Amino acid sequence: MENPNEARAFIADKFREQGDFNILPKDVFERMLDAVMALDEAFMAESGVNEGAVYDDDQAFDYMMHKLQEAFPEQKMYAMRFVEDYMEYDEAYLERAGLIEWE
């Protein structure tokens, strides 16, 4: 099972290493990261992933991007890249933790 605090720390470190979002105020970045992680959880619950359905990357991306744009209208132009990076870093965490299965 995923450790949310460990996952968040890993993902936040990846964002900081990459550096593209260091232009955002720290509190905005932190809130956006918390929001995208919560949106990912909401997508999984709503789409049935938690009950065994397959995680559809494209649907997840669209869901998170649109909701993130709504939640952070001043950062709307960053939402697409933010979600893309989040998904990449989350996948890296899941792989590292041995929590992902490829079909």
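Which residues does methionine 64 touch, not counting residues up to four places away in sequence? Select methionine 64 in this predicted model, and display its surroundings: the residues it touches, with that exclusion, are Val36, Leu39, Asp40, Tyr55, Val83, Tyr86 and Met87.

**The core around methionine 64**

Widen the selection next to the largest nonpolar core, which has 33 residues, and in which Phe15, Leu33, Met64, Leu68, Phe82 and Tyr86 touch the most other members. Colouring this core by helix shows that H1, H2, H3 and H4 each supply at least two of its residues, and that H2 gives the most, with 10 residues.

**Helix H2**

Now select residues 26-47, which make up helix H2; its 22 residues reach 31 Å from the first C-alpha to the last, close to the 32 Å expected at 1.5 Å a residue. Show the side chains of its buried residues, which are Val28, Phe29, Glu30, Met32, Leu33, Ala35, Val36, Met37, Leu39, Asp40, Phe43 and Met44. With these displayed, bring in helix H1 (4-18), helix H3 (57-71) and helix H4 (79-96), against which the buried residues of H2 pack. Before leaving this helix, step to glycine 48, just after H2, where the backbone takes a positive phi of about 85 degrees.

**Helix H3**

Move on to aspartate 56, which caps the N-terminal end of H3, with a side-chain oxygen lying 3.0 Å from the backbone nitrogen of aspartate 58. From there, follow H3 along its 15 residues, which reach 21 Å from the first C-alpha to the last, close to the 21 Å expected at 1.5 Å a residue. The buried residues to show here are Ala60, Phe61, Tyr63, Met64, Met65, Leu68 and Gln69, and they pack against H2 and H4. Methionine 64, where the tour began, is thus found again among the buried residues of H3.

**Aromatic pairs**

Turn next to the rings, for which a search of the whole structure finds 10 aromatic pairs. Select phenylalanine 29 and phenylalanine 82, which form an edge-to-face pair, 6.0 Å centre to centre and with 70 degrees between the planes. This pair links distant parts of the chain, since phenylalanine 29 is in helix H2 and phenylalanine 82 in helix H4, 53 residues apart. Both phenylalanine 29 and phenylalanine 82 are buried.

Compare this with phenylalanine 43 and tyrosine 63, whose ring centres are 5.6 Å apart and whose planes stand at 50 degrees, so that the pair is tilted. Because phenylalanine 43 lies in helix H2 and tyrosine 63 in helix H3, the pair ties together parts that are 20 residues apart in sequence. Phenylalanine 43 has a relative accessible area of 6% and is therefore buried, and tyrosine 63, with a relative accessible area of 17%, is buried as well, the cut-off being under 20%.

To finish with the rings, select Phe15, Phe21, Phe29, Tyr78, Phe82 and Tyr89 together, as ring pairs link these residues into a cluster.

**Glutamate 95**

The last stop is glutamate 95, in helix H4; is this residue buried, partly exposed or exposed? Its relative accessible area is 43%, so glutamate 95 is partly exposed. Draw a distance from glutamate 95 to tyrosine 78, C-alpha to C-alpha, and the two turn out to be 26 Å apart in space while lying 17 residues apart in sequence.

How values were computed: Residues numbered from 1 in each chain as written. Predicted model: local features only at pLDDT ≥ 70, side-chain atom pairs only at ≥ 80, totals over all residues. Heavy atoms only, no water. Helix = DSSP H or I, 4+ residues; strand = E, 2+ residues; numbered from the N terminus. Expected span 1.5 Å × (residues − 1). Buried < 20%, exposed > 50% of the residue type's maximum accessible area, 1.4 Å probe, protein only. Contact = heavy atoms within 4.5 Å. Polar contact = N/O pair within 3.5 Å; in protein donor to acceptor, adjacent residues only side chain to side chain. Core = buried A, V, L, I, M, F, W, Y, C linked by side-chain atoms within 4.5 Å. Phe/Tyr/Trp six-rings, centres within 6.5 Å; stacked < 30°, edge-to-face > 60°.
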